[in-house]
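I set out to record what I looked up in this model, entry by entry. The entries run from confidence and overall fold to individual contacts.

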Amino acid sequence: MSVDARTALQVAVAMASITRRVEVFTFSTALQRVTGDLRRAAAGETRHLESVQYAWGGGTSIGVCLREFLRKYGERLLGRNTVVIIASDGLDVGEPDTLRGTMSEL
């Protein structure tokens, strides 16, 4: 896991330790919900973070992953008071129009 990914993961664990109103997803070539692992890590079971380290790598399809997020979770998780934080280096191997469209929808 890169230093940047580890830092993002630590921030997510910290947020999960202070509120139950957080959902965490990772994405590279596919979307992965890791909320349960992070909640267990926030409770002190850091061994669960080992599986999360493989959620990064292999290229990033930000637009495709965001579209999957919107389709699977958007209606249930997004609302007027929702804050979405995307931690990314911005390198997307996907189609720019896909990313542009999903960001507009988000």
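**Entry 1. Confidence.** I first noted that the model is predicted, and I therefore looked up where its confidence is lowest and highest. In the protein chain, helix H3 (residues 49-52) is lowest, at a mean of 62, and helix H4 (residues 62-77) is highest, at 94. The chain averages a pLDDT of 83, and 85% of the residues score at least 70.

**Entry 2. Overall fold.** I looked up the secondary structure and found five helices and two strands. Along the sequence, I read the pattern as α-β-β-α-α-α-α. The protein chain has 106 residues, of which 32% are buried. I also checked how far apart in sequence the contacting residues are: among contacts in the chain with a separation of 6 or more, 63% join residues 24 or more positions apart.

**Entry 3. Helices H1 and H2.** At what angle do the axes of H1 and H2 cross? I recorded roughly 75 degrees for helix H1 (residues 3-18) and helix H2 (residues 35-42), whose axes come within 8 Å. H1 is therefore roughly perpendicular to H2, since angles of 65 to 115 degrees are counted that way. On the H1 side I listed Leu9, Ala12, Val13, Ala16 and Ser17; on the H2 side they meet Leu38, Arg39, Ala41 and Ala42. By class, I noted seven nonpolar residues, one polar and one charged in this contact.

**Entry 4. Salt bridges.** How many salt bridges does a search of the whole structure find? The search returns five, and I followed up three pairs, beginning with glutamate 23 and arginine 33.

The side chains of glutamate 23 and arginine 33 meet at 2.8 Å, N to O. This pair links distant parts of the chain, 10 residues apart: glutamate 23 is in the loop between H1 and strand S1 (25-27), and arginine 33 is in strand S2 (residues 31-33). Glutamate 23 counts as partly exposed because its relative accessibility is 28%. Arginine 33, at 40%, also counts as partly exposed.

I next looked up glutamate 68 and lysine 72, whose side chains form a salt bridge at 3.0 Å, N to O. Why are they separated by about one helical turn? They are four residues apart in helix H4, which accounts for that spacing. Glutamate 68 has 26% relative accessibility and so counts as partly exposed, while lysine 72 has 54% and so counts as exposed.

The third pair I examined is arginine 71 with glutamate 105, a salt bridge at 2.8 Å, N to O. Here arginine 71 in helix H4 is linked to glutamate 105 in helix H5 (residues 96-105), and the two are 34 residues apart. Arginine 71 is exposed, with a relative accessible area of 54%.

**Entry 5. Glutamate 105.** I stayed with glutamate 105, which lies in helix H5. Its relative accessible area is 45%, so I entered glutamate 105 as partly exposed. Not counting residues up to four places away in sequence, glutamate 105 touches Leu70 and Arg71. I also looked up its C-alpha separation from leucine 66: the two atoms are 9.6 Å apart, for residues 39 apart along the chain.

**Entry 6. Phenylalanine 69.** Is phenylalanine 69 buried or exposed? I found phenylalanine 69 in helix H4, and its relative accessible area of 9% makes it buried, the cut-off being under 20%. Leaving out residues up to four places away in sequence, phenylalanine 69 touches Phe25, Leu31, Gly74, Leu77 and Leu78. For a separation across the chain, I looked up threonine 102, which is 33 residues from phenylalanine 69; their C-alpha atoms are separated by 9.7 Å.

**Entry 7. Serine 61.** Which residues are in contact with serine 61, leaving aside its neighbours within four places in sequence? I listed Ser28, Asp92 and Val93. Serine 61 itself is found in the loop between H3 and H4. Its relative accessibility is 15%, so serine 61 counts as buried.

Definitions and conventions: Residues are numbered from 1 along each chain as its sequence is written. This is a predicted model: local features need pLDDT of at least 70, side-chain atom pairs count only at pLDDT 80 or more; totals for chains, interfaces and linings use all residues. Side-chain values use heavy atoms; hydrogens and water are left out. Axes are lines fitted to C-alpha atoms, for helices over the stretch in contact, and angles run from 0 to 180 degrees between N-to-C directions. Angles under 35 degrees count as roughly parallel, over 145 as roughly antiparallel, 65 to 115 as roughly perpendicular and the rest as oblique. Contact means heavy atoms within 4.5 Å. Ala, Val, Leu, Ile, Met, Phe, Trp, Tyr, Cys and Pro count as nonpolar, Asp, Glu, Lys and Arg as charged, and the others, Gly among them, as polar. pLDDT is the predictor's confidence in each residue, from 0 to 100. A salt bridge is a side-chain nitrogen of Lys or Arg within 4 Å of a carboxyl oxygen of Asp or Glu. Buried means under 20% relative accessible area, exposed over 50%, partly exposed in between (1.4 Å probe, protein chains only).
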